[in-house]
Amino acid sequence: MDTIQTMPILRPITEKSRALQIANGILAAATAYWVFSCVRFLIQGHTTLGTSSYGAAWGLGVANIVHIIGISHVGIAISATVRVLRLGRYRNIARLAEVVTLISLLLAVINIALDVGRPDRFVLNTLAYGRWHAPMVWSATVISLYFAASGVYLYLSMRRDLWVLSTMDLKLSRLLGYLSLGYRDTAAERRRHEHTLFWLAILLVPIMVSVHSVYGMFFGLLSAKAGWYNPLQAPYFVLGAVVSGFSALIVVAALLRSLFRWTEIIDDRTFRALGAILAFVVFLYLYFVASEQLTAQYAGPVAERAVSNALLIGRFAPTFWITIIGGLVAPFAILFVQAIRPVPVRVGLIAGAAAAVNLAMLLKRVLLVIPAQQYPRLPLPRPGVAYLPTTLESVVTFGTYAIGGLLLIGILKLVPLVELPVASAARRDDAPRRGRSIRGLVIAATFAAGVALISWGVLTRELDLAPLKWTAGLILLTTVPLERCLIRGGPGGSSSDDDRADHVGG
Amino acid sequence: MTESLEEQGRRIADSTGDGPRDRTDAGLMSRRKFAAVGGSTLAWASCTAARTEVEATDSDAPSRRGHMLMVIDLRRCTGCHSCAVACKAEHGVRLGGFRSWVSEQEIGSYPDVTREFLPRLCNQCQNSPCLKVCPTGATSRRADGIIKVDPDRCIGCRHCMAACPYNARYFNPQRDLGGEQRRFPARTHGTVDKCDFCSRRVDAGQEPACVATCPASARAFGDAQDPASEVARMLVREPAITLLPNLGTRPSVVYIGGRPEAFERG
């Protein structure tokens, strides 16, 4: 099992990396400073921020939440595409992408908690009293579902690797063995995992689209502010999520590649392909930007044009044009050349362009959130405040990335971030066992309970606790794939179940 | 706009439930006669009516059904900001926040310039964008149409502030030192607050503070569904204008006798 071939993948686990230790130290210090800043912020309140009632009620924090949620999209998009379209070549980045998804979702929730006025009650009140027509409640619902389903997906796709590692002589082998929850790598088990993951991947794509659409609707449904009210906001956000997700993935992949000398594992071709996809979506994004601004300028109502003018020639013009030219057009040119010309792939260049795109996407979110609030339709009670984020605000907002870095390093030291190649043949199936019927029963019961909870929540949507009901139901449903893989059935008893798996999932 | 202003005024008066003309029961007739004695005594009349009902119900519960509405006569407003001051004093609104204020604007070009005033407050929209986006039901509509914020339920996400086209809402960013927060729920830290037509005063049978204090009697407040009320009669008599009508929010704050649209940036 532990052949030379698998060793480079395990470098993060087996080797001590000086660079990683230094990074750990810096990130830990940054996290400590972030915690200190958060305490200060929570004691002194939102007055320490640049946001205000008559300037921008939503500031950097909200822009950053949109950005992180956007990054979180990438895992599912990539690994679902890889799995569903059987792009075996790109399996090397699928898991990394999934891990980026889970970490950024976690960071997004932390950021939301820090942005609301009452972190002490925001989860409880949203679940207990949530109104079905509020985008925040939709967001709580789909993010919970997305987090649970991605977690299940990541775990199931990793279960075999956990088992492989537990058979090796590693420091944490015993822990990993427990984590694999009784996986034995039989042919039937492998097939069942593949089959389950295939369908889970198909289900995850619409969930991902819904999450980012909901974030678009946070703005697109509000006719109050010029510059937001726009039916294209949902697809615009999904596209923006693809752009920031892919750019983040390229940066993280390039970092890991240089850190662990993974030139063979994440090869040039992978970067060329990722760069090509990024170039394509950046181009599409620019098209959306142009279409949006043309509409506002052409026949735009006065308020719409005021916001658009502020972006194109007014107060926000420097940021806007730096974002568009430096962060989208120039990287597009680099990525385009790298993708189509038979030039040697320069990973550093692609990663640099991707980093620029990622930063530009953050700025673009700031340019979406702030200007619309700065040009109200009616006079304000007092002169409006030009929004400028404070230092504390930036630390509180971006400090979460340090936690993300620490989490990534932690996961890196624990499990392989690249799928281990399936080198060995599967073990022979065990003797027939009873248990298939039990598995079927449990799955049916879970499914029924989940659907019942969701329906109960939807039917009693005007009452308290409705969001809790349907969210619990949805999360219960995400355990169905877990049960299918974890509850040991009798593979030999009747092979019909596994035969079916063969020709559907492969 | 195809609809004439007068028609619009009538529509606003009739818009919730049964219109004024449908209500003919004896109690209302007597109140109508009572109101005929003098326009300004009407408020007092509705006070007595409300008071009897308050006694019958829970003090937190809305005292009556109907459609509470405010009419502001811009010809009368002198721009003295008494309403803003009274409101601050009534609710202990924090510095930097406003439930009620007066917008001022110079309109026209030299030499035909006028300085116009536009008293502003929450429009208590019947199609409220803030109510739709509130994730916790902290923003709710009472049976009499008043939109209230429950500071114990609000999580301070500020989506309602983003959704309000009238900038009627403000955020309490800071914990109060001292006991102010307990005295004035409007100061609850980390929550959003806005005008609620002084619902506590309304429940107690009083007018909102801004109406009671206005030295020019520019404001009238009452139930638009009650044909005897001052506001209902004013709406039938005068062409009524609401702010940002094209957003479809159907405000319950109605202006007469001025050009509020000059303040809008559409």
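**A buried strand residue and two helix pairs**

Leaving aside neighbours within four places in sequence, Phe117(B) is in contact with Cys77(B), Gly79(B), Val102(B) and Glu104(B) in this predicted model. The residue belongs to strand S3 of chain B, which spans residues 114-121. Phe117(B) counts as buried because 20 C-beta neighbours lie inside 10 Å, and 20 is the number at which that class begins. Glu106(B), 11 residues away from Phe117(B) in sequence, is 8.9 Å from it in space, C-alpha to C-alpha.

The setting of Phe117(B) can be widened to the whole of its chain. Chain B contains 10 helices and 10 strands, and 49% of its 266 residues are buried. Of the contacts in chain B with a separation of 6 or more, 64% join residues that are 24 or more positions apart.

In chain A, two helix pairs invite a closer look. The first to be described here is formed by helix H3 (residues 60-84) and helix H4 (residues 91-115), whose axes come within 7 Å and cross at roughly 155 degrees. Angles over 145 degrees count as roughly antiparallel, so this description applies to H3(A) and H4(A). Their crossing is left-handed, and by class the contact between H3(A) and H4(A) has 18 nonpolar, 8 polar and 3 charged residues.

The other pair consists of helix H9 (residues 233-259) and helix H13 (residues 347-374) of chain A, with axes that come within 8 Å and cross at roughly 140 degrees. That angle makes H9(A) oblique to H13(A). Here, too, a left-handed crossing is found, with H9(A) passing H13(A). On the H9(A) side, the residues that meet H13(A) include Gly240(A), Val243(A), Ser244(A), Ser247(A) and Ala248(A). Among their counterparts in H13(A) are Val347(A), Ile350(A), Ala351(A), Ala354(A) and Met361(A). By class, this contact of H9(A) with H13(A) has 12 nonpolar, 4 polar and 1 charged residues.

A word on confidence in chain A is helpful as well. The mean pLDDT of chain A is 86, with 92% of its residues at 70 or more. Within chain A, confidence is highest in helix H14 (residues 391-398), at a mean of 94, and lowest in helix H18 (residues 496-505), at 39. Over residues 490-506 of chain A the pLDDT is below 50, although beyond near neighbours in sequence this stretch has 29 contacts in the model. Where pLDDT is low, predicted coordinates should not be read in detail.

Notes: Residues numbered from 1 in each chain as written. Chains lettered and ligands numbered in written order. Predicted model: local features only at pLDDT ≥ 70, side-chain atom pairs only at ≥ 80, totals over all residues. Axes fitted to C-alpha atoms, helices over the stretch in contact; angles between N-to-C directions. Helix = DSSP H or I, 4+ residues; strand = E, 2+ residues; numbered from the N terminus. Parallel < 35°, antiparallel > 145°, perpendicular 65-115°, else oblique. Left-handed = near helix turned anticlockwise from the far one by under 90°. Contact = placed C-beta atoms within 7 Å. Nonpolar A, V, L, I, M, F, W, Y, C, P; charged D, E, K, R; others polar. Buried ≥ 20, exposed ≤ 12 C-beta atoms within 10 Å, placed from the backbone. pLDDT = per-residue confidence, 0-100.
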